Amino acid sequence: MNSVRKTSPPDFQLPPRRKLRGLAVAAGLLTLTALLAGRAGAADELVPLVLKLPAPMFIGTPKDMPASPNLEKPSDKPRPPLLVPKGVSNLAPASTVTTSSTNATAANLRKIVDGSKEPSDAGTVMLRKGTQFLQFDLGAAYDLFAVVIWHSHDSPKVYHDVIVRVADDAEFKTNVRTLFNNDFDDSSHLGAGTDREYFESHEGRLVDAKGARARYVRTYSKGSTDSALNEYTEVEIYGRPAQ
Ligand SMILES: [Ca+2]
């Protein structure tokens, strides 16, 4: 008996059902990739991280591009969602917020975790010029999946030396890991980073924390194309208790 080996038809011009199957396979691969990256456990159901975004303060892409060799091309499309395990929550409001900037009061720092992301005068927290960080003590170790930063986004400005690090201790000496670093020329002296600089927008900057386990989170910056100061409206940190 002759067995005839069937070859698949060429993949271009897929009928709708095959397209759907292709999408399902892609989603499966995405989940598998997430699992392999250590982002979630095998039993975890992954869902898109839903963020409450403030209204945009300007429309369209900026015309005046700063002369930076490391600038991400701005997009006018919504950011693709990040998949995270179902049930992660924003840990920032319950955290203790401190800063390297000597001018900030505790009451002022609470504005960074109060849920309001509007870049109004009252809602914007200004840290001194130079490299400054915010530090969030989550109170215990958590598995972290996203850190989202809203600087002032009242105009299309680019912040410099945006760095996100996590650690096991408040002094950032133990098990320090860098989740994002766009300080391409190491002007903040924490090591040169390979992430791109970007225009602020109402979407904020979503940093994938990939399940990093940590109690402490720091977000750094060193002024912007608009100001030497470091202006924040909100930071969110998504995770769940270490499992
Ligand atoms: Ca706020």
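Where is D161 found, in terms of the strands on either side? I started my notes with this residue, and I found D161 in the loop between β6 and β7 (163–167). The model I am reading is a predicted one, and I keep that in mind for every entry below.

**Entry on D161 and K210.** I looked up the backbone angles next. Phi of D161 is near 55°, which is a positive value in a residue other than glycine. Most residues other than glycine have a negative phi, and that is the reason I wrote this one down. I then asked whether D161 is buried or exposed. D161 counts as buried because 24 other C-beta atoms lie within 10 Å, and the cut-off for that class is 20 or more. K210 also has a positive phi, of about 55°, although K210 is not a glycine. This residue lies in strand β9, whereas D161 is in a loop. K210 has 16 other C-beta atoms within 10 Å, so it is partly exposed.

**Entry on the overall layout.** I stepped back to the whole chain and noted two helices and 10 strands. Reading along the sequence, I wrote the pattern down as α-β-β-β-β-α-β-β-β-β-β-β. The protein has 243 residues, of which 37% count as buried. Among contacts between residues at least 6 apart in sequence, 78% join residues that are at least 24 apart.

**Entry on strand β6.** Which strands pair with β6, and in what sense? I found that β6, residues 132–151, is mostly covered, with 16 of its 20 residues buried. Strand β4 (residues 96–99) pairs with β6 in the antiparallel sense over four bridges, and in β6 the residue opposite T96 is D137. Strand β9 (residues 205–221) runs antiparallel to β6 and is joined to it by 13 bridges. Strand β10 (residues 230–241) is also antiparallel to β6, with nine bridges between them. I took L144 as a point to follow across these pairings: its bridge partner in β9 is A212, and in β10 L144 stands opposite G239.

**Entry on the nonpolar core.** Which residues have the most contacts inside the largest nonpolar core? That core has 44 residues, and I noted A146, V147 and I237 as those with the most contacts inside it. The elements that give two or more residues to this core are β2, β5 (125–127), β6, β7, β9 and β10. The largest share of the core, 12 residues, comes from β6. As background, I wrote that nonpolar side chains tend to be buried together in soluble globular proteins. I then listed the contacts of V147, leaving aside its neighbours within four places in sequence, and found V164, L179, V207, A209, V217, T219 and I237. I237 therefore appears twice in this entry, as a contact of V147 and among the residues with the most contacts inside the core.

**Entry on I59.** My last look was at a loop residue on the other side of the burial scale. I59 is found in the loop between β1 (46–48) and β2 (83–85). Why does I59 count as exposed? I59 has 6 C-beta neighbours inside 10 Å, and the exposed class takes residues with 12 or fewer. I also noted how I59 sits relative to P156: the two are 97 residues apart in sequence, and their C-alpha atoms are 9.7 Å apart in space.

Technical notes:
Residues numbered from 1 in each chain as written. Predicted model: local features only at pLDDT ≥ 70, side-chain atom pairs only at ≥ 80, totals over all residues. Contact = placed C-beta atoms within 7 Å. Pairing = 2+ DSSP bridges. Core = buried A, V, L, I, M, F, W, Y, C linked by C-beta atoms within 7 Å.
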